[in-house]
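Trainee: I'd like to learn how to read a structure like this one. Can we go through it step by step?

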Amino acid sequence: MPLQEIDATTVEQAFAYEVSADDEAITVRWDIEDGYYLYRDRIRFSTETPGVELGEPVLPPGIIKDDEFFGKIAIYRNRVTATIPIPREPEGTDNIVLRALSQGCAD
């Protein structure tokens, strides 16, 4: 039986991210390992924080890939940044819990 190479890269390593925020928006930046990519249309954000509604995320267009699972679809490689507007009620909110869902793949 031939030996198979095992990729020990975890999801957290392949799609590392960091989050920052100011009074107007939340910014999520992914650093994507070589050999991996994120699907643009599979990135979603939500929150259940009272008084906070997220605006429509602003994402770059991405590059088109002919994917074996989804056909022609926009993807991101290397690094991508999403900006999510956060219009708030007048009293404001000090803490927001952001839920980010994304899907990616290895080459």
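Mentor: Sure, and let's start with a definition: two strands pair if DSSP finds at least two bridges between them. Keep in mind that this is a predicted model.

Trainee: Okay, which residue in β6 does Tyr39 stand opposite?

Mentor: Start with the strands. β3 and β6 are joined by two bridges, and at least two are needed for a pair. They run in the antiparallel sense. Across from Tyr39, in β6, you'll find Ile75.

Trainee: What is the order of the strands in the open sheet?

Mentor: Build it up from the pairs. β3 and β6 pair with each other, and five bridges join β5 to β6. The sheet has four strands with antiparallel pairing, and its order is β5-β6-β3-β9.

Trainee: And which strands stand at the edges?

Mentor: Look for strands with a single partner. One side of each of these has no neighbour in the sheet, because each pairs with just a single strand. Neighbouring strands are also turned by 50° against each other on average, ignoring direction. The edge strands are β5 (63–67) and β9 (104–106).

Trainee: Which residue of β6 is the bridge partner of Ile64?

Mentor: β5 and β6 are linked by a hairpin through three residues. β6 covers residues 71–76 and runs antiparallel to β5. The bridge partner of Ile64 there is Ala74.

Trainee: Now the inside: which strand gives the largest share of the largest nonpolar core?

Mentor: That core has 16 residues, and Phe15, Trp30 and Ile32 are among those with the most contacts inside it. β2 (25–32), β3 (36–39) and β7 (79–85) each supply at least two of its residues. The largest share is four residues, and it comes from β2.

Trainee: How many residues does the other core have?

Mentor: This one lies apart from the largest core. Its members include Tyr39 and Ile75, the two that stand opposite each other in β3 and β6. Ile73 and Cys105 belong to it too, and the number of residues is five.

Trainee: Last one: is Thr49 buried or exposed?

Mentor: Thr49 sits in the loop between β4 (44–46) and β5, and its side chain makes a polar contact with the side chain of Thr47 at 2.9 Å. For the answer, check the relative accessible area, which is 11%. The cut-off is under 20%, so Thr49 counts as buried.

Technical notes. Residues numbered from 1 in each chain as written. Predicted model: local features only at pLDDT ≥ 70, side-chain atom pairs only at ≥ 80, totals over all residues. Heavy atoms only, no water. Axes fitted to C-alpha atoms, helices over the stretch in contact; angles between N-to-C directions. Buried < 20%, exposed > 50% of the residue type's maximum accessible area, 1.4 Å probe, protein only. Polar contact = N/O pair within 3.5 Å; in protein donor to acceptor, adjacent residues only side chain to side chain. Core = buried A, V, L, I, M, F, W, Y, C linked by side-chain atoms within 4.5 Å.
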